[in-house]
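Trainee: I have a structure to read today. Please take me through it step by step.

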There are 6 protein chains.
Amino acid sequence: MPFVSIRILEGHTQKRKNEISRRVTEAISEVAELPMDKIWVVIEDVPGSDWFVGGEPTREPKRL
Amino acid sequence: MPFVSIRILEGHTQKRKNEISRRVTEAISEVAELPMDKIWVVIEDVPGSDWFVGGEPTREPKRL
Amino acid sequence: MPFVSIRILEGHTQKRKNEISRRVTEAISEVAELPMDKIWVVIEDVPGSDWFVGGEPTREPKRL
Amino acid sequence: MPFVSIRILEGHTQKRKNEISRRVTEAISEVAELPMDKIWVVIEDVPGSDWFVGGEPTREPKRL
Amino acid sequence: MPFVSIRILEGHTQKRKNEISRRVTEAISEVAELPMDKIWVVIEDVPGSDWFVGGEPTREPKRL
Amino acid sequence: MPFVSIRILEGHTQKRKNEISRRVTEAISEVAELPMDKIWVVIEDVPGSDWFVGGEPTREPKRL
């Protein structure tokens with residue numbers, strides 16, 4: 001019954017998102033001994049101009 | 001003073017969102033004995049390609 | 001597949017929480033035409049000393 | 001290591017967002033005695049049609 | 001710079017939480033090509049009496 | 001109408017929380033030109049054992 005929210009800078013491909021979600025779901029399923037379909041993962045894209053580190057916007061995903 | 005966040009697959013009409021929010025607000029107001037205007041509801045649309053169940057994206061709101 | 005988070009000042013009884021969650025779930029199920037068991041609701045109790053309105057903590061649930 | 005999420009009605013300029021984030025980060029850094037770069041702030045724009053107060057959508061940022 | 005929130009029914013051991021967080025962090029780091037220390041994971045324990053599926057509280061982690 | 005959630009390692013005093021919330025509220029009020037009482041701030045304490053950076057728990061607030 002876990003609910004996972006992943007906030008990440010926008011720009012990652014659907015393929016990467018799929019892979020991240022699959023591996024996150026497998027990890028929780030295996031370690032917590034829960035069926036895969038009880039695990040929900042939501043990926044929330046955040047524009048670099050809305051994510052601030054040290055008070056400064058992070059504009060360029062590449063530099064991270 | 002409750003704050004309600006509803007993450008839902010995108011695609012529902014404004015009319016449905018209004019109806020959901022109205023009923024959710026009324027329920028909390030009546031049961032918790034709080035004035036309606038102290039209750040905030042935010043609906044957060046999530047694309048099917050960003051919502052994963054069992055590690056798989058849920059693409060088609062219709063099938064849900 | 002909606003996920004609902006309700007942040008509310010702590011102090012409400014389990015009976016009230018059950019009633020709120022039941023009515024919220026029914027509202028979403030009926031309006032969005034989704035099966036009840038696809039709707040998850042999490043109630044997150046917040047101490048009055050950690051909830052600030054206008055920069056001031058809200059200590060007394062009764063007064064709300 | 002604080003993580004700050006600010007949900008706000010959409011429509012504020014980038015300049016305002018930068019200023020808000022800078023001041024929020026400074027406040028936490030000074031009061032909690034943490035280095036600026038350990039503080040992440042995410043601003044999450046919410047359309048007025050998805051933000052409900054008292055069960056009604058808040059459409060016009062200007063009126064707030 | 002991803003921020004991951006994992007809401008899970010309370011009752012899992014610290015060892016399990018450590019293992020879940022390690023694997024989730026590795027998955028994101030490898031797939032998104034980000035340094036491990038730019039990834040924050042927060043595990044948020046939820047009592048079964050505050051987590052509702054289909055409008056009913058889920059009291060017993062074992063049964064999940 | 002902003003809603004601010006601040007996740008922070010537990011252990012900060014109420015006085016610090018009050019000061020952070022006051023300053024965060026003032027900053028948003030002044031920059032976004034919103035009345036103070038339309039701004040809600042919730043501080044969410046996270047135990048160090050539940051907050052992971054680089055896949056490792058952060059146990060000691062002092063070291064941060």
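Trainee: What share of the area that chain A exposes do carbon and sulfur atoms supply?

Mentor: This is a predicted model, where local features need pLDDT of at least 70, side-chain atom pairs count only at pLDDT 80 or more, and totals for chains, interfaces and linings use all residues. Residues are numbered from 1 along each chain as written, chains are lettered from A and ligands numbered from 1 in written order, and side-chain values use heavy atoms, without hydrogens and water. Accessible areas come from the Shrake-Rupley method with a 1.4 Å probe, and for residues only the protein chains shown count as cover. Chain A exposes about 2700 Å², and the carbon and sulfur share is 46%.

Trainee: In what order do the elements of chain A run from the N terminus?

Mentor: Helices (H or I, at least four residues) and strands (E, at least two) are DSSP runs, numbered from the N terminus. Chain A has one helix and four strands. Their order is β-α-β-β-β.

Trainee: How much of chain A counts as buried?

Mentor: Buried means under 20% relative accessible area (1.4 Å probe, protein chains only). Chain A has 64 residues, and the buried share is 56%.

Trainee: By what turn can chain A be laid on chain E?

Mentor: Copies are superposed by least squares on the C-alpha atoms of residues with pLDDT of at least 70 in both. For chain A on chain E, the RMSD is 0.0 Å and the shift along the axis is 0.0 Å, with a turn of 180 degrees. That is the relation of a two-fold axis.

Note on methods: Buried < 20%, exposed > 50% of the residue type's maximum accessible area, 1.4 Å probe, protein only.
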